[in-house]
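Here are some short exercises to work through with the model open in your viewer. Try each task yourself before reading its solution.

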Amino acid sequence: YVFGSTSHAHGEAHGGRSNEASGSEEMALIVARALLQRVISDPHNGLQARINDLLSSIDRVGDFDAGAKKLDTFVVIHEKAAGLFALLKDAADRMIPQDLNESNTSIH
């Protein structure tokens, strides 16, 4: 309710409905970015912490195959992360208005 009231007042103060929609889109992007940051970087349950725990558990085994297991784990993690980031990029591309997306691709 608070965000709706704020964006509604902001939209009226800056010329109407289009700014209200722009404000809600901006808020959605801010929330999405914060959630992604949390999923990746949370010190206890984030992806980075879980990967570190997994690799540390391989180090504790200390057997002859530990190096091979660790390398295999790196490969799997890399493949999974690449897939995740490709999905995130596709989702982000769909969120960007098409006219904005076309102007960014023509510049690069």
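## Exercise 1: The overall picture

Of the 108 residues in the protein chain, 11% are buried. Keep in mind that this is a predicted model.

**Task.** Work out how many helices and how many strands the protein chain has, and which pattern they follow along the sequence.

**Solution.**
1. Start with the count: the protein chain holds 5 helices and 0 strands.
2. Now read along the sequence, and the pattern comes out as α-α-α-α-α.
3. Add a look at the contacts with a separation of 6 or more: 19% of them join residues 24 or more positions apart.

## Exercise 2: Two helices side by side

**Task.** Decide whether helix 3 and helix 4 run roughly parallel or roughly antiparallel to each other.

**Solution.**
1. Locate the two elements: helix 3 spans residues 47-61, and helix 4 covers residues 66-95.
2. Take the geometry of the pair: the angle is about 165 degrees, and the axes lie 9 Å apart.
3. Apply the cut-off: an angle over 145 degrees counts as roughly antiparallel, so helix 3 and helix 4 are roughly antiparallel.
4. For the handedness, helix 3 passes helix 4 in a right-handed crossing.
5. List who meets whom: helix 3 contributes Leu-47, Ile-51, Leu-54, Leu-55, Ile-58 and Asp-59, while helix 4 contributes Ala-66, Lys-69, Lys-70, Thr-73, Phe-74, Ile-77 and Leu-84.
6. Sort that contact by class, and you get 9 nonpolar, 1 polar and 3 charged residues.

## Exercise 3: Two residues of helix 4

**Task.** Is Thr-73 buried or exposed, and is Leu-71 buried or exposed?

**Solution.**
1. Place both residues: Thr-73 lies in helix 4, and Leu-71 lies in helix 4 too.
2. Check Thr-73: its relative accessible area is 13%. The limit for buried is under 20%, so Thr-73 is buried.
3. See what Thr-73 touches: leaving aside residues up to four places away in sequence, its contacts are Leu-54, Leu-55 and Ile-58.
4. Check Leu-71: its relative accessible area is 54%. Exposed begins over 50%, so Leu-71 is exposed.
5. Finish with a distance: Leu-71 and Leu-55 are 16 residues apart in sequence, and their C-alpha atoms are 9.7 Å apart in space.

## Exercise 4: Salt bridges

**Task.** Find how many salt bridges the model has, then describe how accessible the partners Arg-38 and Asp-42 are, and likewise Lys-89 and Asp-93.

**Solution.**
1. Use the cut-off of 4 Å between a side-chain nitrogen of Lys or Arg and a carboxyl oxygen of Asp or Glu. The count is 2 salt bridges.
2. Take the pair Arg-38 and Asp-42: their side chains meet at 3.1 Å, N to O. Arg-38 counts as exposed at 56% relative accessibility, whereas Asp-42 counts as buried at 14%.
3. Turn to Lys-89 and Asp-93, whose side chains meet at 3.0 Å, N to O. Both residues lie in helix 4, 4 residues apart, about one turn of the helix.
4. Compare their accessibility: Lys-89 counts as exposed at 52%, and Asp-93, at 27%, counts as partly exposed.

Methods
Residues numbered from 1 in each chain as written. Predicted model: local features only at pLDDT ≥ 70, side-chain atom pairs only at ≥ 80, totals over all residues. Heavy atoms only, no water. Buried < 20%, exposed > 50% of the residue type's maximum accessible area, 1.4 Å probe, protein only. Contact = heavy atoms within 4.5 Å. Axes fitted to C-alpha atoms, helices over the stretch in contact; angles between N-to-C directions. Parallel < 35°, antiparallel > 145°, perpendicular 65-115°, else oblique. Left-handed = near helix turned anticlockwise from the far one by under 90°. Nonpolar A, V, L, I, M, F, W, Y, C, P; charged D, E, K, R; others polar.
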